[in-house]
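Subject: The structure we talked about

Hello,

Here is the structure I promised to pass on to you. Have a look at it first, and then read on for my notes.

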Amino acid sequence: MHLPSGRTSLLISSLCTIVLSLYTGHQENVSYLPVLPPSYPLAVRNPYLSTWMPSDRVQSLPYAEPQFWAGQELGWAVMARVDGQTYSLMGVKNPEKEIRPAVVCSAEYTATHSIFTLNAGPVMFKLDFFSPVSPSSYLTQSLPFAYLTVSVSGASANSIQVFSSIDGRWTGRSDDAVCTFQNTGRTAIYSLKVQDATLYSEESDMALWGETIFAARPNTPSKLSFASGAQSGIFSQFANTGILASSSQQCESKGIVALSHDLGTVTGDRRVNFVVGYVREEAVNYLGKAYTGYYRAEYPETYEAVTYFMDDYPDALLESLILDQEMTAKAKAVAGQKYADIVTLSARQAYGGIDLTIPNETLDTSEVLAFIKELSSDGNINTVDVIMPAFPIYYVMDPEYIRLLLEPMMRYLAAGRWHEPYVIHDMGTHYPNATGHDDQQAEPMPIEECGNLMVLILAYVRATGDEIWAAPYFDILRGYADYLVENSVDIAEQLSSNDAAGPLANETNLAIKAAVGLKAFGELTGLTEYSKIGEERANLFFTQALGLDDQKTHFVLQYPDKPSSWKTPYNLYPDVLLGLRTFPEEAHQMSSAFFKSVRAEYGVPLDHRQDWAKSDWNMWLSGTFNDSTRDEFVDDLWAFMTNGKHNWPFSDRYVATSAKGNSPGVPVLCRARPTVGGHFALLALEGPRSLQLTALQVKEESNVKHQGDQQFLGDERQEL
């Protein structure tokens with residue numbers, strides 16, 4: 001797992017100490033494990049709790065502020081006081097003269113953690129930003145919180161205090177932010193919100209109607225203090241005394257809320273936790289009915305939910321360490337270390353676009369629904385062609401999410417509120433309003449969404465064995481299958497999932513999708529006539545070469561009169577994943593050979609007209625190739641991810657070639673999208689549920705339930 005331990009840890013500590021003694025305000029030689037990504041996920045749990053640290057800020061982490069996924073700056077400071085000297089560890093943008101910057105030694109990410117190691121005087125500190133990924137535990141996955149654990153190592157009878165603060169920018173409108181404070185139990189909680197915000201309102205993709213949560217509790221024998229107010233005064237108070245004290249817990253405009261742990265005299269290793277979150281009691285508007293987070297069935301009050309989240313830390317930590325280890329090992333076994341680097345960076349982002357909900361009025365857990373935001377584009381909710389590219393991660397982590405994400409749409413379609421003969425594109429123009437399109441004005445992608453729905457439902461049934469859920473919808477699905485039968489040879493001009501490329505008539509990749517979708521529908525329902533039609537269409541486009549170039553080396557972009565064109569035929573992937581055999585093996589061998597010939601600096605663009613690639617579709621396509629071509633696609637995505645040219649949350653769209661005059665290896669428009677779940681396409685070929693791990697399993701199998709409270713993170717990693 002590339003973790004600093006033993007002699008390696010001692011070496012890093014020694015080097016950091018040397019650098020600290022020579023500190024000049026500029027830092028180099030930071031160690032990046034396993035690689036330097038574009039951006040580090042800090043607190044990534046849902047579309048409104050999505051906080052990142054751009055990678056080009058890591059060397060100056062003591063001064064660096066994190067960002068919301070869309071690019072807004074957020075105030076989040078971390079400081080430590082050692083024997084009376086205060087050091088900034090993160091986010092102290094303009095430190096007072098009494099605050100020294102710590103020295104950044106290393107930065108690491110795993111599937112669930114982002115960890116920064118810094119040296120401050122005689123001790124080393126680790127900032128562990130931990131966003132649980134536990135999809136099989138609906139309670140854990142729905143909790144809208146993340147942990148920051150500050151660990152101290154190497155102390156030798158040192159007096160140590162640890163501080164963290166956030167500001168009103170987390171609310172989306174800092175000028176209107178107000179705060180409250182609660183400390184009735186052991187847990188101290190600040191809540192910041194926009195005063196008189198309109199329900200379901202956003203500003204630049206940040207929610208305005210909820211509450212930002214910042215919390216901590218004392219760890220025996222540490223003492224907790226707290227304050228809110230002007231940043232300069234509170235920073236100085238901590239720097240001078242190590243203790244916070246405020247006569248009023250009301251926030252000032254553009255002020256901060258702060259929590260501080262006094263650890264006393266420390267010998268050896270210690271750690272303390274902070275919790276950050278964003279709570280929306282009415283989280284999603286589904287057809288005019290408010291849905292709330294699943295966790296509220298058990299913890300209806302925010303204070304209770306935060307307290308549980310802090311209590312659960314040891315078990316959540318242990319589960320995360322096992323998942324980190326398993327994901328890395330299995331991905332590496334499938335396609336090497338570079339592939340492991342890609343999927344582990346993608347995991348939090350893939351689930352970070354989802355809310356797991358139940359009806360707010362009844363809190364009925366049998367009515368759980370999932371909602372996903374189309375980040376970085378138009379903000380649609382439960383877009384079918386966002387669920388589709390993302391589904392490989394659900395397939396391996398918990399296939400129930402395919403059903404949970406489709407169910408809101410299937411209920412809407414079953415109610416007869418959508419009148420078009422093809423599948424609706426999304427469940428609402430903008431998140432969190434899943435209000436459908438009774439005006440019939442959803443973006444039209446007829447063949448795209450019909451084919452997607454057939455594949456997704458079959459994937460769910462194959463992965464779970466649940467043949468009951470889909471059965472009531474078969475009549476609706478048959479209508480969409482008939483649409484594919486009637487409209488997927490002479491294809492009218494229309495959009496595919498890649499709407500940025502514009503509409504086309506007779507697009508070969510859509511014809512492939514229709515053929516595979518028809519075969520999937522036949523397999524799902526037992527209506528073999530549809531399977532036969534799907535196979536006949538595959539025969540038409542491949543064997544009879546309607547969809548091929550004159551030399552029969554590749555699928556063309558359009559047929560029949562575009563022989564020199566090409567597009568990545570990623571719609572072949574579900575045919576391989578589900579073993580449908582709609583297209584013969586020769587089709588995959590052909591593509592595997594051809595795409596070596598059009599490879600550019602950062603891989604293969606979407607089609608011959610574009611200079612940009614889609615990472616999710618390329619990983620899909622690579623799953624149909626032989627190992628040699630597959631590895632090239634993995635290498636190219638890894639090269640883009642690690643080239644240091646960009647600092648967005650993992651972009652799934654980027655310039656792959658300089659052939660059209662643009663700089664290759666830079667992202668285009670898309671950032672933080674959950675479609676990076678498609679990067680798990682190669683892992684999905686190993687079978688469904690291959691990474692499924694429930695919190696309950698971990699707790700039952702472990703006899704070290706609260707070991708996490710006694711050992712610092714590095715020790716537990718080393719043990720595991």
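Which residues does the UniProt annotation "domain: Glutaminase A central" cover? According to that unreviewed entry, the annotation covers residues 336-683. Please keep in mind that what you have is a predicted model. Over residues 336-683 the chain is 45% helix and 5% strand, and the C-alpha atoms at the two ends lie 11 Å apart.

**The two domains**

The protein is divided into domain 1, residues 31-322, and domain 2, residues 369-600. Their centres, taken over C-alpha atoms, are separated by 41 Å. In the contact between them, 20 residues come from domain 1 and 25 residues from domain 2. About 1,700 Å² is buried between domain 1 and domain 2, and carbon and sulfur atoms give 60% of that area.

There is polar pairing across this interface too: 10 residue pairs of domain 1 and domain 2 are in polar contact. Helix H2 (138-142) and strand S19 (284-286) are the elements that give two or more residues to the side of domain 1 that touches domain 2. Strand S19 has the largest share of that side, with 3 residues. The interface of domain 1 and domain 2 also holds 2 salt bridges.

**Salt bridges**

How many salt bridges does a search of the whole structure find? The search gives 30. Here are some that I looked at in detail.

Glutamate 65 and arginine 169 meet through their side chains in a salt bridge, with 2.7 Å from N to O. Glutamate 65 sits in the loop between strand S3 (49-54) and strand S4 (67-68), while arginine 169 is in the loop between strand S11 (145-167) and strand S12 (177-182), so this pair ties together parts that are 104 residues apart in sequence. The two partners differ in how they are covered: glutamate 65 is buried, at 8% relative accessible area, whereas arginine 169 is partly exposed, at 27%.

The loop between S11 and S12 also supplies arginine 173, whose side chain forms a salt bridge with that of glutamate 203 (2.7 Å, N to O). Because glutamate 203 belongs to strand S14 (residues 202-203), this pair ties together parts that are 30 residues apart in sequence. Here glutamate 203 is partly exposed, with a relative accessible area of 32%, and arginine 173 is partly exposed as well, with 30%.

Further along the chain, glutamate 632 pairs with arginine 599 in a salt bridge, and their closest N and O atoms are 3.7 Å apart. Glutamate 632 is in helix H16 (residues 627-642) and arginine 599 in the loop between helix H14 (585-597) and strand S24 (612-614), so the pair links distant parts of the chain, 33 residues apart. Glutamate 632 counts as buried, at 17% relative accessibility, and arginine 599 as partly exposed, at 35%. Both residues belong to a network of salt bridges that links Lys596, Arg599, Glu632 and Asp636.

One more pair to look up is lysine 373 with aspartate 205, a salt bridge in which the closest N and O atoms are 2.7 Å apart.

**Buried spots**

Is helix H15 (residues 615-622) mostly covered or mostly open? Helix H15 is mostly covered, with 8 of its 8 residues buried. Among them are Trp617, Met619, Trp620 and Leu621.

Trp617 also turns up in the surroundings of serine 497, which is in contact with Asp385, Met445, Glu448, Tyr570 and Trp617, leaving aside neighbours within four places in sequence. Serine 497 lies in the loop between helix H10 (474-487) and helix H11 (508-525). Serine 497 is buried, at 11% relative accessible area. Its side chain makes a polar contact of 3.2 Å with the side chain of aspartate 385.

Glycine 210 is another buried residue, with a relative accessible area of 3%. Glycine 210 is found in the loop between strand S15 (206-207) and strand S16 (211-216). Not counting residues up to four places away in sequence, glycine 210 touches Leu192, Lys193, Tyr278, Val279 and Arg280. Between the C-alpha atoms of glycine 210 and threonine 198, which are 12 residues apart along the chain, the separation is 9.8 Å.

Happy browsing, and best wishes!

Terms used: Residues are numbered from 1 along each chain as its sequence is written. This is a predicted model: local features need pLDDT of at least 70, side-chain atom pairs count only at pLDDT 80 or more; totals for chains, interfaces and linings use all residues. Side-chain values use heavy atoms; hydrogens and water are left out. UniProt positions are given in the numbering used here, feature names are shortened, and annotations may be inferred rather than shown by experiment. Helices (H or I, at least four residues) and strands (E, at least two) are DSSP runs, numbered from the N terminus. A salt bridge is a side-chain nitrogen of Lys or Arg within 4 Å of a carboxyl oxygen of Asp or Glu. Buried means under 20% relative accessible area, exposed over 50%, partly exposed in between (1.4 Å probe, protein chains only). Domain bounds come from an automatic or database domain assignment. Contact means heavy atoms within 4.5 Å. Buried area is the accessible area (1.4 Å probe) that two parts lose on being put together, summed over both. A polar contact is a pair of N or O atoms within 3.5 Å; within protein, one must be able to donate a hydrogen and the other to accept it, and residues adjacent in sequence count only if both atoms are side-chain atoms.
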